[in-house]
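Colleague: I should like to learn how to read the features of a model such as this one. Could we take them in turn, with the general idea ahead of the particular case?

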Amino acid sequence: MPPDRNFVIDTCSHKGWPDVSVCCGAGHAYKFASLLGKILTELAVDGHTHYNIEEFGIQRDALTDPSFKPAFHMGDSVTEKR
């Protein structure tokens, strides 16, 4: 799982392989399976998608910057009621 806990949805065109698509999502990806499938289909057939997947790209800071601070959020602060 990437340090920013987001999906990875992209092609490998930056490596010279535009026909290779990548999709990685942790356990929560199943909820988005139909959308991820549609995006991957568009990438495979058309070479692009009309969805904005920029923040899920393989070249983002969370995957390329060794000093990136991992993000893990468990919701708002919760105080225990007694």
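**Reading the features**

Modeller: We may begin with the core, keeping in mind that this is a predicted model. The largest nonpolar core consists of 8 residues: Phe7, Ile9, Ala29, Leu36, Ile39, Leu43, Ile53 and Phe56. Helix 1, residues 33–46, gives the most to this core, with 3 residues.

Colleague: Which residues does isoleucine 53 touch, not counting those up to four places away in sequence?

Modeller: Isoleucine 53 touches Ile9, Ile39 and Leu43. These three partners are also listed among the members of the core.

Colleague: How should the order of elements be read, and how many helices and strands are there in the chain?

Modeller: One reads from the N terminus on, and here the elements run β-β-α-α. The chain has 2 helices and 2 strands.

Colleague: How many bridges join strand 1 to strand 2, and which way do the strands run?

Modeller: Strand pairing is read from bridges, with at least two needed for a pair. Here 5 bridges join strand 1 to strand 2 (residues 17–24), and the two run antiparallel. Within this pairing, aspartate 10 stands opposite valine 22 in strand 2. The two strands form a hairpin with 4 residues between them. In the turn, glycine 16 has a positive phi of about 95°.

Colleague: Why is strand 1 described as largely enclosed by the rest of the structure?

Modeller: The criterion is burial, which means under 20% relative accessible area. Strand 1 (residues 8–12) has 5 of its 5 residues buried, so it is largely enclosed by the rest of the structure. For the chain of 82 residues, the buried share is 23%.

Colleague: What area does the chain expose, and what share of it do carbon and sulfur atoms supply?

Modeller: The chain exposes about 6400 Å², of which carbon and sulfur atoms supply 54%.

Colleague: Let us turn to charged side chains. What does the count of salt bridges come to?

Modeller: In general, side chains of opposite charge can pair when their charged atoms come close. In this model the count comes to 1 salt bridge. The side chains of arginine 60 and aspartate 4 meet there, at 2.7 Å from N to O. Arginine 60 lies in the loop between helix 1 and helix 2 (61–64), and aspartate 4 in the segment before strand 1, so the pair ties together parts 56 residues apart in sequence.

Colleague: Are arginine 60 and aspartate 4 buried or exposed?

Modeller: Arginine 60 is buried, and aspartate 4 is buried as well.

Colleague: How many aromatic pairs does the structure hold?

Modeller: The structure holds 2 aromatic pairs. In one of them, phenylalanine 7 and phenylalanine 32 are edge-to-face, with 5.4 Å centre to centre and 75° between the planes. This pair links distant parts of the chain, 25 residues apart: phenylalanine 7 is in the segment before strand 1, and phenylalanine 32 in the loop between strand 2 and helix 1. Phenylalanine 7 is buried, with a relative accessible area of 10%, whereas phenylalanine 32, at 35%, counts as partly exposed.

Colleague: Why is the pair of phenylalanine 7 and phenylalanine 56 called tilted?

Modeller: The ring centres of phenylalanine 7 and phenylalanine 56 are 6.0 Å apart and their planes stand at 50°, so the pair is tilted. Phenylalanine 56 lies in the loop between helix 1 and helix 2, 49 residues from phenylalanine 7. Ring pairs thus link Phe7, Phe32 and Phe56 into a cluster.

Key: Residues are numbered from 1 along each chain as its sequence is written. This is a predicted model: local features need pLDDT of at least 70, side-chain atom pairs count only at pLDDT 80 or more; totals for chains, interfaces and linings use all residues. Side-chain values use heavy atoms; hydrogens and water are left out. A nonpolar core is a set of buried Ala, Val, Leu, Ile, Met, Phe, Trp, Tyr and Cys residues joined through side-chain atoms within 4.5 Å. Buried means under 20% relative accessible area, exposed over 50%, partly exposed in between (1.4 Å probe, protein chains only). Contact means heavy atoms within 4.5 Å. Accessible areas come from the Shrake-Rupley method with a 1.4 Å probe; for residues, only the protein chains shown count as cover. A salt bridge is a side-chain nitrogen of Lys or Arg within 4 Å of a carboxyl oxygen of Asp or Glu. Rings of Phe, Tyr and Trp (its six-membered ring) pair if their centres lie within 6.5 Å; planes under 30 degrees apart count as stacked, over 60 as edge-to-face and the rest as tilted.
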